[in-house]
Amino acid sequence: MQILVLHGPNLNLLGSREPEVYGSQTLAQIDADLAEIAAEAGVALESFQSNHEGALIDRIQAARQDGCRFIIINPAAYTHTSVAIRDALAAVALPFVEVHLSNIHKREAFRQHSYLSPLAEGVICGLGAQGYRLALSYALDKLRRPA
Ligand code: DQA
């Protein structure tokens, strides 16, 4: 598995959760779309969603051993609270892109700080589900380039 896509809490409810903010696509549709693009490129991609901070941290730690070369993460609300997820990403030292469906900068003040962004290669927000596709396109491009 070369690309790991991580989704944080409440993203399992996409489709029915505040569709005016997060869009109408379900998480299964987003993941299927990403899996198809990666498969066409001949790259193994795995998606993982959890509502639990520790489960996300365990999955990030496992990425160190399972051949993962790039992480795409929407940490959801943990973006704004989780030093522990930031530390896990720093520990595995894998490149990652942070994705948010909504534009967190035009929302409540508490959403405008991310513990992860300073470590991210880039941050995509406000472009809905397309943000994941753009992040994947970047990751595929990066994997194709010699190190
Ligand atoms: C989110 C933005 C976060 O502030 C929020 O807590 C989420 C989703 C987004 O994708 O726009 O759950 O990460």
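Begin by selecting helix H3 (residues 53-62) together with helix H4 (residues 83-92), which pack at an angle of about 5 degrees with their axes 9 Å apart. That angle makes H3 roughly parallel to H4, and, as with everything on this tour, the arrangement belongs to a predicted model. To see which side chains to display, pick Glu53, Leu56, Ile57, Ile60 and Gln61 on the H3 side, and Ala84, Ile85, Ala88, Leu89 and Val92 on the H4 side, since these are the residues through which the two helices meet. Coloured by residue class, the contact of H3 with H4 divides into eight nonpolar residues, one polar and one charged.

Next, move to a second helix pair, H2 (residues 27-40) and H5 (residues 130-144), whose axes come within 10 Å and cross at roughly 25 degrees. This crossing also makes H2 roughly parallel to H5, and its hand is right-handed. In H2, select Ile30, Asp33, Leu34, Ile37 and Ala38, and in H5 select Tyr132, Arg133 and Leu136, which they meet. The residues of this contact divide into six nonpolar, no polar and two charged.

Stay with Ile37, which lies in helix H2, and draw a distance from its C-alpha atom to that of Leu136: the two residues are 99 apart in sequence, while the C-alpha atoms are 8.3 Å apart in space. Apart from residues up to four places away in sequence, Ile37 touches Arg133 and Leu136. Is Ile37 buried or partly exposed? With 16 C-beta neighbours inside 10 Å, Ile37 counts as partly exposed.

Now clear the selection and pick Tyr22 and His100, which UniProt lists, in an unreviewed entry, under "active site". The pair spans 79 residues in sequence, yet no two of their C-alpha atoms are more than 9.0 Å apart, so they gather at one spot.

Taking the two in turn, Tyr22 is placed in helix H1 (residues 19-22) and counts as buried, with 20 C-beta neighbours inside 10 Å. Once neighbours within four places in sequence are left aside, Tyr22 is in contact with Leu14, Arg17, Leu101 and Ser102. His100, for its part, is found in strand S4 and is likewise counted as buried, with 22 C-beta neighbours inside 10 Å. With its neighbours within four places in sequence left aside, the contacts of His100 are Asn74, Cys125 and Gly131.

The next selection comes from the same record: UniProt places the feature "binding site", again from an unreviewed entry, at Asn74, His80, Asp87, Leu101, Ser102 and Arg111. Do these positions gather at one spot, or not? They span 38 residues in sequence, and the farthest two C-alpha atoms are 24.2 Å apart, so they do not all gather at one spot.

Two of these positions repay a separate look. Centre the view on Leu101, which sits in the loop between strand S4 (96-100) and strand S5 (122-125) and counts as buried, with 24 C-beta neighbours inside 10 Å. Not counting residues up to four places away in sequence, Leu101 touches Tyr22, Gly23, Gly128, Ala129 and Gly131, so that displaying these contacts brings back Tyr22, one of the residues that UniProt lists under "active site".

Then centre on Arg111, which is also placed in the loop between S4 and S5. Arg111 is partly exposed, with 17 other C-beta atoms within 10 Å. Leaving aside its neighbours within four places in sequence, Arg111 is in contact with His80 and Ile104, and His80 is itself among the positions given for "binding site".

For the last stop, turn to the backbone and select Asn10 and then Ala76. Asn10 has a positive phi of about 75 degrees although it is not a glycine; this residue is found in the loop between strand S1 (3-7) and H1, where it is partly exposed, with 14 other C-beta atoms within 10 Å. Ala76, which is not a glycine either, has a positive phi of about 55 degrees and is placed in the loop between strand S3 (70-74) and H4. With 22 other C-beta atoms within 10 Å, Ala76 is buried.

Definitions and conventions: Residues are numbered from 1 along each chain as its sequence is written. This is a predicted model: local features need pLDDT of at least 70, side-chain atom pairs count only at pLDDT 80 or more; totals for chains, interfaces and linings use all residues. Axes are lines fitted to C-alpha atoms, for helices over the stretch in contact, and angles run from 0 to 180 degrees between N-to-C directions. Helices (H or I, at least four residues) and strands (E, at least two) are DSSP runs, numbered from the N terminus. Angles under 35 degrees count as roughly parallel, over 145 as roughly antiparallel, 65 to 115 as roughly perpendicular and the rest as oblique. A crossing is left-handed if the near helix is turned anticlockwise from the far one by less than a right angle, and right-handed if clockwise. Two residues are in contact if their C-beta atoms, placed from the backbone, lie within 7 Å. Ala, Val, Leu, Ile, Met, Phe, Trp, Tyr, Cys and Pro count as nonpolar, Asp, Glu, Lys and Arg as charged, and the others, Gly among them, as polar. UniProt positions are given in the numbering used here, feature names are shortened, and annotations may be inferred rather than shown by experiment. A residue is buried if 20 or more other C-beta atoms lie within 10 Å of its own, exposed if 12 or fewer, and partly exposed in between; C-beta atoms are placed from the backbone.
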